Amino acid sequence: MPCSGNDSSRIAVCSAWLGGVGERETEAITIPNAPRSDLNPKSVSAFSLSFSTPWATVPLCSPNTTLKKSNTTAATHQEIVSLYQRFCQLDRNGGGFVSADELLSIPEVAVNPLSQRLMGILNGLNFKEFVAFLSAFSPRATQQQKIEFIFRVYDSDCNGKVTFSDILDILRDLTGQFISEQQREQVLTRVLEESGYAKDSTLGISDFTKVLGNTGIKMDVEVPID
Amino acid sequence: MSITSTGKFKTSSSELDLDRPNIEDYLPSGTSIQPEPIGKLCLRDLLDISPTLTEAAGAIVDDSFTRCFKSNPPEPWNWNIYLFPLWCFGVVVRYFILFPVRVIVLTIGWIIFLSSYIPVHILLKGHDKLRKKIERFLVELICTFFVASWTGVVKYHGPRPSMRPNQVFVANHTSMIDFIILEQMTAFAVIMQKHAGWVGLLQSTILESVGCIWFNRTESKDREIVAKKLRDHVQAADNPLLIFPEGTCVNNHYTVMFKKGAFELGCSVCPVAIKYNKIFVDAFWNSRKQSFTKHLLQLMTSWAVVCDVWYLEPQNLRPGETPIEFAERVRDIISARAGLKKVPWDGYLKHSRPSPKHRERKQQSFAEMVLRRLEER
């Protein structure tokens with residue numbers, strides 16, 4: 001449903017980022033929260049759309065006065081500009097997309113335990129997709145969007161299901177050689193069982209919402225404005 | 001050492017093992033710094049990877065390492081009807097009057113220098129002491145011409161370096177012009193990366209005479225040879241030695257890790273802080289983006305290069321202090337004086353990947369947390 005229907009509005013959002021900010025308010029951009037069907041690999045573009053919402057639509061959602069509204073818009077516009085500068089800086093060969101190699105040349109990224117996994121998502125993104133990726137970290141993104149993002153990191157084959165081995169892969173990245181493979185499996189099996197899941201059961205996005213949604217997830221990254 | 005990430009970069013572990021042990025202290029809050037959650041391990045604890053993701057995204061959006069090597073474009077000030085003609089006038093003056101004059105000055109400098117250097121070098125073969133003295137004077141002279149060719153307005157603070165044995169000067173590094181600015185006052189012997197082109201030619205011919213030592217960053221064999229030459233030079237009561245312990249040009253807003261080599265020679269270390277005023281031109285040499293010739297041309301077409309140089313109090317290794325701690329202390333002094341921010345990174349990471357040790361430390365702390373809380377009931 002959202003895959004085909006939202007294409008035009010996505011372009012509108014994008015032009016609003018990069019071009020005139022003021023015009024954006026006249027355009028009725030209503031983007032539904034990504035339904036779970038978005039998580040299949042065919043609708044990656046629609047998926048990125050749903051993630052792009054916090055950056056672009058917040059001014060529209062804000063029920064405050066016009067003055068307040070324009071302030072927020074300016075800040076968002078500033079953030080997009082900053083992100084664009086950053087993107088150009090990272091894209092050293094100027095190809096219009098960032099490669100895993102370029103990103104791993106940032107030492108802080110290279111030492112991150114999940115860097116290899118994230119590179120699978122980040123490799124070859126253009127600017128629009130780059131912003132969409134980062135928008136899950138916007139302070140204005142909803143809890144649901146953040147959970148969906150985490151789900152996507154787990155769901156390596158993008159089939160909307162997270163299996164035992166998916167979780168084990170992430171756990172392996174996080175613990176490295178400091179827990180043996182056998183012990184890792186034991187730990188995960190036990191923890192899953194205690195939460196009422198079997199080893200061979202798969203977790204959907206609703207399970208993630210249930211497990212992670214109770215207490216707030218802190219996943220906010222401020223875009224530095226120079 | 002475990003398997004490192006693939007790619008064209010190779011991790012030179014022997015070198016990066018010298019990284020600061022306290023790298024986490026500098027980094028923004030992350031998993032390792034957050035207060036440890038307590039209680040029994042539950043599924044949520046394993047599934048919630050948000051701290052690690054936040055760290056990664058934070059570094060992608062902005063990171064301290066890339067900031068060190070970013071040339072900040074000057075704020076545009078001329079886009080207004082009154083200032084724009086003024087700016088145009090300035091361009092004409094800078095490119096069509098100042099620049100040719102500077103080229104002439106530099107040419108005269110080279111003529112004077114070469115016409116005296118070559119005869120001195122050939123004729124005074126027998127009188128080594130006298131020859132060295134004159135040659136050093138000439139090197140100082142040509143450096144003065146260089147500084148004049150960008151109208152260098154350099155303020156030197158503190159006592160001038162003296163010719164004593166057992167001392168080494170260390171300075172922060174922004175561009176090769178640091179060397180020229182310091183050299184015009186004192187004929188330092190310097191340790192530098194071997195360059196290609198005309199700079200390389202100067203290095204291997206003229207600057208040899210002031211006792212400069214060249215090396216190739218990528219050759220690990222060079223490192224031992226340089227270390228030995230360093231020790232020999234320091235012990236001889238010759239001209240003072242200058243080292244840029246960062247090993248790479250930083251944009252003069254930050255300091256990267258100081259290599260410990262200069263700090264384990266067992267002699268006193270005299271810090272020199274250099275701060276450029278970016279009012280007319282950014283003196284940072286971004287060697288990835290431009291050649292040194294281009295960098296010099298940029299300086300020669302600007303109004304002036306304004307900079308402050310501070311010769312600071314000599315420091316000695318304190319009892320019980322490791323060379324790494326000593327290096328860090330000297331870095332503190334220089335950063336404080338020049339108003340630079342410190343980052344924990346090794347400047348050589350421009351050319352290589354960080355050691356897997358840092359990642360392993362994060363993994364270890366997570367693994368320990370998991371195992372400990374698994375036991376809790």
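This is a guided tour of a predicted model, with a suggestion at each stop for what to select and what to look for there.

Before you start, note that residues are numbered from 1 along each chain as its sequence is written, with chains lettered from A and ligands numbered from 1 in the order in which they are written. Because the model is predicted, local features need pLDDT of at least 70 and side-chain atom pairs count only at pLDDT 80 or more, while totals for chains, interfaces and linings use all residues; side-chain values use heavy atoms, leaving out hydrogens and water.

**Stop 1: chain B as a whole**

Select chain B and colour it by secondary structure. You should find twelve helices and nine strands. Helices here are DSSP runs of H or I with at least four residues, strands are runs of E with at least two, and both are numbered from the N terminus. Chain B has 377 residues, and 51% of them count as buried. Buried means under 20% relative accessible area, exposed means over 50%, and partly exposed is in between, using a 1.4 Å probe and protein chains only. Now think about contacts, meaning heavy atoms within 4.5 Å. Among the contacts in chain B with a separation of 6 or more, 78% join residues 24 or more positions apart.

**Stop 2: two helices side by side in chain B**

Select residues 83-123 and 128-149 of chain B, which are helices α5 and α6. Their axes come within 9 Å and cross at roughly 170°. Axes are lines fitted to C-alpha atoms, for helices over the stretch in contact, and angles run from 0 to 180 degrees between N-to-C directions. α5(B) and α6(B) are therefore roughly antiparallel to each other. For angles, under 35 degrees counts as roughly parallel, over 145 as roughly antiparallel, 65 to 115 as roughly perpendicular and the rest as oblique.

Show the side chains next. On α5(B) the contact residues include B:Leu106, B:Trp110 and B:Phe113, and on α6(B) they include B:Leu138, B:Ile142 and B:Phe145. By class, the contact of α5(B) with α6(B) holds 15 nonpolar, four polar and three charged residues. In this scheme Ala, Val, Leu, Ile, Met, Phe, Trp, Tyr, Cys and Pro are nonpolar, Asp, Glu, Lys and Arg are charged, and the others, Gly among them, are polar.

**Stop 3: where chain A meets chain B**

Select residues 127-135 of chain A, helix α8, together with residues 50-61 of chain B, helix α3. The two axes come within 11 Å and cross at roughly 140°, so α8(A) and α3(B) are oblique to each other. Which residues of the two helices meet? A:Phe130, A:Phe133 and A:Leu134 touch B:Ala57, B:Ile60 and B:Val61. This contact has six nonpolar residues, with no polar and no charged ones.

For a second meeting point, select α10(A) and residues 356-375 of chain B, helix α12. Here the axes come within 7 Å and cross at roughly 115°. A:Leu171, A:Arg172, A:Asp173, A:Leu174 and A:Thr175 make the contact with B:Gln363, B:Phe366 and B:Ala367. The classes are four nonpolar, two polar and two charged.

**Stop 4: a valine and a glycine**

Back in chain B, select B:Val226 in helix α9, residues 220-235. B:Val226 is buried, at 10% relative accessible area, and touches B:Ile191, B:Ile213, B:Trp214 and B:Phe215, leaving aside residues up to four places away in sequence. B:Val226 and B:Ile213 lie 13 residues apart in sequence, with their C-alpha atoms 7.2 Å apart.

Then pick B:Gly211, in the loop between α8 (197-205) and β4 (213-215) of chain B. B:Gly211 is partly exposed, at 23% relative accessibility. Leaving aside residues up to four places away in sequence, B:Gly211 touches B:Ala189 and B:His233.

**Stop 5: positive phi**

Most residues other than glycine have a negative phi. Select A:Cys158, in the loop between α9 (143-154) and α10 (164-175) of chain A, for a positive phi of about 55°. B:Asn166 also has a positive phi, near 60°, and sits in the loop between β1 (152-157) and β2 (167-171) of chain B.

**Stop 6: cysteines**

How many disulfides are there over all chains? The count is zero, a disulfide being a pair of cysteine sulfur atoms within 2.5 Å. Select B:Cys212: the nearest cysteine sulfur, in B:Cys143, is 9.4 Å away. B:Cys212 is buried, at 4% relative accessibility. Finish at B:Cys270, also buried, at 3%; the closest cysteine sulfur, in B:Cys267, is 8.3 Å from the one in B:Cys270, too far for a bond.
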